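Got the viewer open? Here's a stop-by-stop route, with something to select at each one.

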Amino acid sequence: MKIIRKYSGFKVRIKTFNQSCFPRINKESLMPIARSCNPDENVDAWYPPGHGDFYQAFARSGLLDDFVKEGRKFCFISNTDNLGATVDLNILKMCLSGKEEFIMEVTEKTRADVKGGTLIHYEGKLRLLEVAQVPKDQLEDFMSVKKFNVFNTNNLWISMPAIQRIIKKELLDMEIIVNPLTLEQGTNVYQLVTAIGAAMKCFDNAVGLNVPRSRFLPVKKTSDLLLVMSNLYTLNHGALSMSAKRMFPSTPLVKLGNNHFKIISEFLARFGSIPTCWSWTTSPCLGMSPLARGSA
């Protein structure tokens, strides 16, 4: 809500809706560990069922019907941490001029992305294959950069009238991923989740669109944050672009120790200033000593 309040002085409408929450399943009894249907009574007994819940939650909120009535055609969806996911007018033009109901942005796979979901053809449909769905004896093939050379960025362009049709006709079909988890008190549970991209087989003319790596810039760890805060990138009209001084198309491989850099406050305390990164291939910033201002 704090982020939304930042835009209170602008002429922009921001609509929000709530994701569902599902009860965690006890691994031994296969029963919900929640004692009531009120999540507020025991928050740890509940969990968000993955971003595949978007379709039902969006429709249930009433916003889907409202937007379609207003004549809006497509929604653009991306992970919150992907700073490269901006609205690309060329892709939007493709959405409005073509017959594709579902466009998934994919990009070239590197060794850092071997566990990323990829696209396969199965039963005449293009489908998303996630690492959690792959048998252990076939993981090596799945993670091969040569065999599967692209991965899903989770930047998605989806027709809202198509979502409306699929929900009303109950055609939504996504594989369920079983995630085991141990809670703080030691209880072993299952969480059943779905991935938003897994619904692509439900849409007509679904395609994967190979995009530049610059459209995939996730910040999941402080090592990612270090690069974004450095002079490796510049911000132009809300979009990050790599410095022209960078001689390599890929980003440097940065590894910061979890013992001393995992938490934001510790990360910031150990950097007197953010070092120059545009010439790096790998990071020299391992260890625990604070870096003085001007260090590179």
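**Stop one: the four-stranded sheet**

Start by selecting residues 102-108, strand S5, together with residues 150-159, strand S8: the two run antiparallel and are joined by seven bridges. Keep in mind as you look that this is a predicted model.

For a single rung of that ladder, click on Met104; its bridge partner in S8 is Leu156.

Now widen the selection to the whole sheet. Four strands make it up, in the order S4-S8-S5-S11, and the sheet is open, with mixed pairing. S4 and strand S11 (207-210) are the edge strands, each pairing on one side only. Look across the strands to see the twist: neighbours are turned by 30° against each other on average, ignoring direction.

Next, add residues 160-168. This is helix H6, which packs on the sheet and touches S4 and S8. The direction of H6 makes about 85° with that of S8.

**Stop two: the pocket by S4**

Stay with S4, because a pocket definition brings us back to it: which element gives the largest share of the lining of the second largest pocket? That is S4, with four residues.

To find the middle of this pocket, select Ile14, Lys15, Phe76, Ile77 and Ser78, which lie nearest its centre among 34 lining residues. Then colour in helix H1 (2-5), helix H2 (54-61), helix H3 (63-69) and strand S4 (74-77), the elements that give two or more residues to the lining. The volume of the second largest pocket is about 1,600 Å³. Colour its lining by residue type and you get 20 nonpolar, nine polar and five charged.

**Stop three: the three-stranded sheet**

Move on to residues 177-182 (strand S9) and residues 188-193 (strand S10). Six bridges join these antiparallel strands. Two pairs are handy to label: Pro180 with its bridge partner Tyr190 in S10, and Ile177, which stands opposite Val193 in S10.

Follow the chain round the hairpin of S9 and S10, where five residues sit between the strands. Pick out Gly186 there, which takes a positive phi near 100°.

Bring in one more strand and the sheet is complete: it is open and antiparallel, in the order S2-S10-S9. Why is one side of S2 and of S9 left without a neighbour in the sheet? Strand S2 (25-26) and S9 stand at the edges and have a single partner strand each, so one side of each has no neighbour in the sheet.

**Stop four: a cavity lined by Ile177**

Keep Ile177 selected and add Leu128, Glu130, Gln133, Glu175, Ala195 and Ala198; together they line the largest cavity. Its volume is about 30 Å³, and the count of cavities of 30 Å³ or more comes to one. The lining divides into four nonpolar residues, one polar and two charged.

**Last stop: colour by confidence**

Finish by switching to pLDDT colouring. The protein chain averages 88, and 95% of the residues score at least 70. Then zoom to residues 286-296, where the pLDDT is below 50. This stretch still has 22 contacts in the model beyond near neighbours in sequence.

Notes:
Residues are numbered from 1 along each chain as its sequence is written. This is a predicted model: local features need pLDDT of at least 70, side-chain atom pairs count only at pLDDT 80 or more; totals for chains, interfaces and linings use all residues. Side-chain values use heavy atoms; hydrogens and water are left out. On a 1 Å grid over the protein atoms alone, a cavity is a set of points where a 1.4 Å probe fits but cannot get out, and a pocket is an open set with protein on both sides within 12 Å along at least five of seven lines; lining residues have an atom within 4 Å of a point. Grid points are joined across faces, edges and corners, and a volume is the space filled by probe spheres set on the points. Ala, Val, Leu, Ile, Met, Phe, Trp, Tyr, Cys and Pro count as nonpolar, Asp, Glu, Lys and Arg as charged, and the others, Gly among them, as polar. Two strands pair if DSSP finds at least two bridges between them. Axes are lines fitted to C-alpha atoms, for helices over the stretch in contact, and angles run from 0 to 180 degrees between N-to-C directions. Contact means heavy atoms within 4.5 Å. pLDDT is the predictor's confidence in each residue, from 0 to 100.
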